[in-house]
Amino acid sequence: MLIEYIYHSSFRINMRDENFLFDYYRGELPKMDLGKVFISHSHKDHYNPEVLKLKGDFQYFLSDDIVLENPSVDNFHFLKPNQSLKYENMNINSFGSTDLGISMHICVDNVNIFFAGDLNLWIWPEDSEDERKQMNSDFLDIINRICEYPVDIAFFPVDPRLGKFTTEGAQIFIDKVKPKYFIPMHFSENVDKIEDYIKKLKLGKTKLHLLKNPGDKIEVKM
């Protein structure tokens with residue numbers, strides 16, 4: 001499995017001649033003429049409509065908050081939270097988000113991928129105590145559902161704008177879900193700021209890979 005970082009929360013996975021593209025926003029698209037494209041929600045830092053114009057044989061799996069004009073029924077699949085979808089050799093289970101759209105668990109050829117989208121423990125310094133309690137409750141409700149599934153590779157937000165709460169959600173996710181590999185995302189150009197934060201994560205048996213620059217790649221053997 002080859003994982004390529006594109007930008008922000010966008011990655012391409014190449015596995016056994018299959019391509020999976022997640023949350024394309026900006027940057028250079030990998031050259032590919034077939035694949036499966038996943039879009040977790042319609043925020044502009046996760047969804048660029050240009051990705052719908054890829055030339056070739058592509059299937060699109062989109063959160064249902066994304067509105068398209070006259071989408072093809074043949075290659076567009078819309079998902080709400082807490083749905084299941086089987087397509088060819090792939091099983092998708094969608095979960096909620098603590099922001100907009102969905103998070104996704106994708107099982108393909110017995111490899112389990114989790115893509116968080118904007119699922120995170122979004123606690124901002126200016127939040128009230130009640131807002132923090134509600135966010136914590138909503139986040140744990142979703143994480144406890146995800147725990148029912150094995151996760152080999154997880155893509156999860158580590159956003160330095162949260163200050164001291166930057167890795168709170170990531171730590172809970174690692175502790176509860178126990179992915180084999182954890183890949184931070186959602187940091188744009190602020191990669192230098194998150195390096196000190198991720199050093200403090202207690203990983204247990206989880207291996208963390210930080211892809212810093214667009215175009216960086218890592219090969220993971222499953």
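**Exercises on salt bridges**

In this predicted model, the side chains of Lys180 and Asp152 form a salt bridge, with N and O 3.3 Å apart. Let's work through this pair and a few others together.

**Exercise 1.** Find out which parts of the chain the Lys180 and Asp152 pair ties together.

*Solution.*
- Step 1: Locate Lys180, which sits in the loop between α2 (168-177) and β12.
- Step 2: Locate Asp152, found in the loop between α1 (129-146) and β11 (153-157).
- Step 3: Put the two together: the pair ties parts that are 28 residues apart in sequence.

**Exercise 2.** Decide whether Lys180 and Asp152 are buried, partly exposed or exposed.

*Solution.*
- Step 1: Lys180 has a relative accessible area of 47%, and partly exposed covers the range between 20% and 50%, so Lys180 is partly exposed.
- Step 2: Asp152 has 7%, and buried means under 20%, so Asp152 is buried.

**Exercise 3.** Do the same kind of analysis for the salt bridge between Arg26 and Glu189.

*Solution.*
- Step 1: Look at the distance: the closest N and O atoms are 3.7 Å apart, and the cut-off is 4 Å.
- Step 2: Place the residues: Arg26 is in the loop between β3 (18-22) and β4 (34-39), and Glu189 is in the loop between β12 (181-185) and α3 (191-198), so this pair ties together parts 163 residues apart in sequence.
- Step 3: Check accessibility: Arg26 is partly exposed at 40%, while Glu189 is exposed at 55%.

**Exercise 4.** Describe the burial of the salt-bridge partners Arg12 and Glu4.

*Solution.* Their N to O distance is 3.3 Å, and both Arg12 and Glu4 are buried.

Notes. Residues are numbered from 1 along each chain as its sequence is written. This is a predicted model: local features need pLDDT of at least 70, side-chain atom pairs count only at pLDDT 80 or more; totals for chains, interfaces and linings use all residues. Side-chain values use heavy atoms; hydrogens and water are left out. Buried means under 20% relative accessible area, exposed over 50%, partly exposed in between (1.4 Å probe, protein chains only). Helices (H or I, at least four residues) and strands (E, at least two) are DSSP runs, numbered from the N terminus.
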